[in-house]
Structures are given as C-alpha cells and as structure tokens.
Amino acid sequence: MNRLHEALRSDKLQLFVSLPANDAEMARAAVREGADGLKVHLNVDHRASGTRFGPLASYGETFKEIRSLLRGPLGVVPGGSAADVRPDEISKLSEAGFDFFSIYAWHLPTFLLEAPGLARTFAIDDRFDLRLLESAGASGMDALEASVVPGAEYGSPLTFADLLKYRWLAERSGLPVIVPTQRKVTPEDVPHLIDCGVKALLVGAVAIGTTAESIARSVGRFRDAIDKAGR
C-alpha cells in the first residue's frame, strides 16, 4: 500500500511538515520531533517561505537522505504552474522514493494523472468552485489539500469560519482533507481540527518558522498536542 494511503486511513490526525527548504537538516529535525510525513518542492516560488525551488536534478543526494530519515509518506509539489511540471522529472519521482504529488488543481497537467507509483493529491484555494469537488473522487484523486485562506490573510489566527470550511470539505468532498497552515495555526487548535474531520495537518513556514531549530521546537509542540488529543 502507498504510504500516503496508509497514513490517511489512520484514526489519528497525521502531522505532515512542508519543509521551507529542501534541506536534510530541517527534515531530520521534523522527523526527530514526530512528523508523520514530509513534503518538499520543485520548480516553484513558495509564497510562505520566500524560497525559490529548483529542478529535481538539484536535490538528488538531499532527497535520498530525506527519504532515508522517514518511514512515512514523502510528497512533492512538482511545479508552480502546469508549464513548470516536467514529464522527465515525474517519471523519476517514485524511484526516488516519493509517495505522492501535491499541486493546485489548475496547475495539474493531465499527464501528471498518469504518474506511476504516486498517490494524487490536489489543492484548492478560496476562489475554487466547490461544486467541482463532487467529481474529484471519481477522477481518481486520493486527497484534498484545503488551501482556502486568501493570500492576503496568511499568518493571521485560525477562525471559526475556517473550521466551518474545513468541516464542509471533510463532509462533502468525499476525500481525506489535508489542512495546510496558511493561518498561524497553533497546537491549541489541534482538537478543533480533529473535530472537523481533518485527516492531516500540514505545518509549514507560517506555523513552524524557517530554521531547523524553530521546526524542531514547533513540530514537537504539535506532536504533543496531537498525542494528547488522541488519548
């Protein structure tokens, strides 16, 4: 079974970390403090971390080391637009140890749907027509990343309105929902996310910072909150 499928079938909220840089020390810090899965990036300018990520060939040894650190799922954002997603790279991802791709629906070229050995996750934003989600499961998608916070509101506190959106998506989309920390989500928010039916919390730069030290500190706190909520 694909590692992502296995993780999202768990009864416990999964803790995934979106690394602010493709860096093995950051990955090591996250895994040491209890991350269940990791996500890295290729061919994209990342808004939250302010990082420009290059092509797959730039990270061969780094990704090999990251994969060796992690028993759970390893995902990749393969590009910042449909034009940035490279077929020659996609064919190598499964062999390189990746378990899933994650990309905005309108950045997902159709050839990516045929990627061998990879679970399929896609993201939506606050402008997405939610009626289209009724077809996502039938199209073979495996999970939904709820990136529904407007860009101008990144880093602001999580609100009740956000929880209602996440709950609606968990109940209506027919897919496991992954919530990224576009808001400044805190460990105290964890029980509320669990109550909404969210399957994975994807913590990134907004919530965990951009250094190995801040990642270790923050991931440890989220791990404790999830473990306490599961008792």
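This text walks through a predicted model, from one helix to a run of parallel strands, an internal cavity and a loop residue.

A convenient place to begin is helix H3, which covers residues 60-69 and in which Phe 63, Ile 66 and Arg 67 are buried. When the helix is viewed down its axis, these buried residues fall within an arc of 100°, so they line one face of H3. The spacing follows from a general property of helices: an α-helix has 3.6 residues a turn, so residues three or four places apart point the same way. On the other side of H3, Glu 61, Lys 64 and Ser 68 are exposed. The partners of the buried residues of H3 come from several parts of the chain, since they pack against helix H1 (3-8) and helix H2 (24-32) as well as strand S2 (37-41) and strand S5 (74-77).

Further along the chain, strand S9 (residues 177-180) can be read in a similar way. Val 177 and Val 179 point one way from S9, while Ile 178 and Pro 180 point the other way, and all are buried. In a regular strand the side chains alternate between the two faces of the sheet.

Strand S9 also has pairing partners. Strand S8 (residues 143-146) runs parallel to S9 and is joined to it by two bridges, with Leu 144 having Val 177 as its bridge partner in S9. Strand S10 (residues 200-203) likewise pairs with S9 in the parallel sense, here over three bridges, and the partner of Pro 180 in S10 is Leu 202. Each of these pairings belongs to a β-α-β unit: S8, helix H5 (residues 160-172) and S9 make a right-handed one, and S9, helix H6 (residues 190-195) and S10 make another that is right-handed.

Where is empty space left inside the protein? Among cavities of 30 Å³ or more, the count comes to one, and the largest cavity holds about 30 Å³ of space. Its lining consists of Phe 16, Lys 39, Phe 100, Ser 102, Thr 121, Glu 145, Ile 178 and Leu 202. Of these lining residues, Ile 178 has already appeared as a buried residue of S9, and Leu 202 as the bridge partner of Pro 180.

Finally, Arg 86 is found in the loop between S5 and helix H4 (87-93). Arg 86 is partly exposed, with a relative accessible area of 36%. Leaving aside neighbours within four places in sequence, Arg 86 is in contact with Asn 43, Pro 55 and Phe 111. Pro 55 lies 31 residues from Arg 86 along the chain, and their C-alpha atoms are separated by 8.8 Å.

Conventions: Residues numbered from 1 in each chain as written. Predicted model: local features only at pLDDT ≥ 70, side-chain atom pairs only at ≥ 80, totals over all residues. Heavy atoms only, no water. Buried < 20%, exposed > 50% of the residue type's maximum accessible area, 1.4 Å probe, protein only. Helix = DSSP H or I, 4+ residues; strand = E, 2+ residues; numbered from the N terminus. Arc of directions from axis to C-beta. Contact = heavy atoms within 4.5 Å. Pairing = 2+ DSSP bridges. Right-handed = clockwise from strand over helix to strand, strands pointing away. 1 Å grid on protein atoms, 1.4 Å probe; cavity = no way out; pocket = protein on both sides within 12 Å on 5 of 7 lines; lining within 4 Å. Points joined across faces, edges and corners; volume = space filled by probe spheres on them.
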